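Please read this report with the sequence and the structure side by side. Each section takes up one part of the model and describes what surrounds it.

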Amino acid sequence: MNQNPHLRPSKTAILLLNLGTPAAPTRSAVKVYLKEFLSDPRVVEIPRIIWWFILNGIILPIRSGASAKKYATIWLPELGSPLLHYSRLQAKSLAANYANQGQTVLVDLAMRYGKPTTQEALDALQSEGMERLLLLPLYPQYSATTTASSFDEVFRVLRSWRNQPEVRTVKHYHDHPAYIEALRQQVTEFWDKEGRPDFAKGERLVMSFHGLPKRNLLKGDPYHCECLKSGRLLGEALGLVPGQYIVTFQSRFGKAEWLKPYTAPTLEQLGKEQCPRVDIFCPGFPADCLETLEEIAMEGKEIFIEHGGNDYRYIPCLNNSPAWINALHAIAADHMAAWPLTDEPAAVLAKRNALVAVAEAHIANPTAPAAP
């Protein structure tokens with residue numbers, strides 16, 4: 001196989017971007033992951049010197065072991081991290097979607113923290129002839145803490161490349177019709193199996209999004225508004241009115257005020273009100289992970305039941321549902337207009353091969369006459 005990079009067929013690629021996961025549910029692996037994650041200035045906007053002492057002196061020694069125990073409760077036998085497993089399935093299914101249509105689109109996955117790293121994913125795509133790159137975050141709602149940080153890392157890697165690809169980015173798709181439809185199908189399919197809540201009797205659907213410090217909103221981060229819009233559109237798609245569904249924010253950390261209402265206190269209050277049934281769904285998480293499987297499906301249920309609630313049902317994330325893969329395809333299509341999605345014709349490759357041969361001959365013998 002000719003290794004000359006000029007002679008490879010140029011290809012279009014999609015890089016799915018997700019947050020990351022520890023390599024194993026152990027204290028040491030979680031510590032490595034948390035240190036990388038919480039050292040990102042996009043995630044924690046505290047003066048570096050102060051934060052270094054807090055992180056290394058307090059948080060990592062205390063949280064690593066506790067988080068490892070939580071990860072152990074959701075780790076998949078033989079498959080490992082749910083987030084990594086489902087994210088890989090999404091990349092594989094999206095690639096198959098293009099292949100089934102006779103198109104050649106490279107699809108890979110990069111984690112912002114942990115593996116597979118952005119460097120590894122980009123190097124792999126480059127080796128396969130990537131000339132056009134679409135960055136598609138698995139964060140439907142934009143935030144500087146997630147989307148921007150993942151973009152930062154991609155461009156940090158590309159900064160060292162001599163021959164960079166053409167790059168396009170998907171900033172957000174919180175209100176994309178295909179995304180909302182995938183969410184609607186996920187909820188309605190669950191209700192088809194489990195029965196629809198009786199909203200007239202006070203039963204509720206809770207939509208829990210990952211939280212952020214309130215100061216992020218005040219500094220201009222649009223995440224809060226985009227979560228509210230996603231929740232409203234999903235509620236409308238399900239035929240619900242405000243009050244039948246509640247949008248909340250989870251995973252609060254530290255003493256600062258975060259986006260409200262908080263998920264855990266909301267579940268506590270619904271339990272105290274003896275709400276007959278709560279269904280809970282996490283629209284902002286395309287793949288199940290620690291925050292959905294442990295914090296919401298397990299801890300959330302304990303809170304609700306402990307405070308007087310009765311029927312608590314967790315609706316799984318989109319994971320590898322066909323509707324979600326179709327949504328990813330539709331979102332990507334909106335951003336890849338005019339990009340070729342098939343192999344280059346043989347005539348184009350032959351012409352490029354001839355031009356490269358002429359260039360190589362001229363380099364070898366600059367005084368030789370140019371070929372006609």
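## Phe 155 and helix H5

Phe 155 has its place in helix H5, which covers residues 144–158. In this predicted model, Phe 155 counts as partly exposed, because its relative accessibility is 40% and the buried class holds only values under 20%. Leaving out residues up to four places away in sequence, Phe 155 touches Leu 135, Val 167 and Thr 169. Pro 137 stands 18 residues from Phe 155 in sequence, and the C-alpha atoms of the two are 14 Å apart in space.

The helix that carries Phe 155 is mostly covered, with 12 of the 15 residues of H5 buried. Among these buried residues are Ala 144, Phe 151, Glu 153, Val 154, Val 157 and Leu 158. Which elements cover them? The cover includes strands S1, S2, S3 (130–137) and S4 (166–169), together with helices H4 (118–127) and H7 (214–218). The length of H5 can also be checked: at 1.5 Å a residue its 15 residues should span 21 Å, and the end C-alpha atoms are 20 Å apart, which agrees.

## Strands S1 and S2

Two of the strands that help to cover H5, S1 and S2, are also paired with each other. Strand S1 (residues 11–20) and S2 run parallel, and eight bridges join them. One position in this pairing is Ala 13, which stands opposite Leu 106 in S2. Strand S2, made up of residues 105–113, is mostly covered, since eight of its nine residues are buried.

## The nonpolar cores

The largest nonpolar core has 67 residues, and those that touch the most other members are Ile 14, Leu 16, Leu 136, Trp 191, Leu 205 and Trp 324. Helix H6, residues 177–194, gives the most to this core, with eight residues.

What does Leu 136 meet, once its neighbours within four places in sequence are left aside? Leu 136 is in contact with Ile 14, Leu 15, Leu 16 and Leu 17, and also with Val 170, Tyr 173, Leu 328, Ile 331 and Ala 332. Separate from the core described above, there is a second one of 17 residues, which includes Phe 37, Leu 38, Val 44 and Ala 68.

## Aromatic pairs and a charge over a ring

Across the whole structure, a search finds 10 aromatic pairs. In one of them, the rings of Tyr 173 and Tyr 179 have centres 5.7 Å apart and planes at 85 degrees, so the pair is edge-to-face. Both partners are under cover: Tyr 173 counts as buried at 2% relative accessibility, and Tyr 179 counts as buried at 0%.

Phe 209 and Phe 249 form an aromatic pair of the tilted kind, with 6.3 Å from centre to centre and 40 degrees between the planes. Because Phe 209 lies in strand S5 (residues 204–210) and Phe 249 in strand S6 (residues 245–250), this pair ties together parts that are 40 residues apart in sequence. Phe 209 is buried, with a relative accessible area of 0%, and Phe 249 is buried as well, with a value of 2%. Elsewhere, Tyr 33, Phe 37 and Tyr 113 form one aromatic cluster, while Lys 171 lies over the face of Tyr 142, at 4.9 Å from the ring centre.

## Strand S5 and its partners

The strand that holds Phe 209, S5, is mostly covered, with five of its seven residues buried. How many bridges join S5 to S6? There are six, and the two strands run parallel; in this pairing His 210 stands opposite Gln 250 in S6. S5 also pairs in the parallel sense with strand S7 (residues 277–281), over four bridges, and here Arg 204 stands opposite Val 278.

## Asn 97 in helix H3

Asn 97 belongs to helix H3, which runs over residues 82–100. Is Asn 97 buried or exposed? Its relative accessibility is 14%, so Asn 97 counts as buried. Beyond its neighbours within four places in sequence, Asn 97 is in contact with Ile 325, Asn 326 and His 329.

Conventions: Residues are numbered from 1 along each chain as its sequence is written. This is a predicted model: local features need pLDDT of at least 70, side-chain atom pairs count only at pLDDT 80 or more; totals for chains, interfaces and linings use all residues. Side-chain values use heavy atoms; hydrogens and water are left out. A nonpolar core is a set of buried Ala, Val, Leu, Ile, Met, Phe, Trp, Tyr and Cys residues joined through side-chain atoms within 4.5 Å. Buried means under 20% relative accessible area, exposed over 50%, partly exposed in between (1.4 Å probe, protein chains only). Contact means heavy atoms within 4.5 Å. Rings of Phe, Tyr and Trp (its six-membered ring) pair if their centres lie within 6.5 Å; planes under 30 degrees apart count as stacked, over 60 as edge-to-face and the rest as tilted. A charge sits over a ring if NZ of Lys or CZ of Arg is within 6 Å of the ring centre and within 35 degrees of the ring normal. Two strands pair if DSSP finds at least two bridges between them. The expected span of a helix is 1.5 Å times one less than its number of residues.
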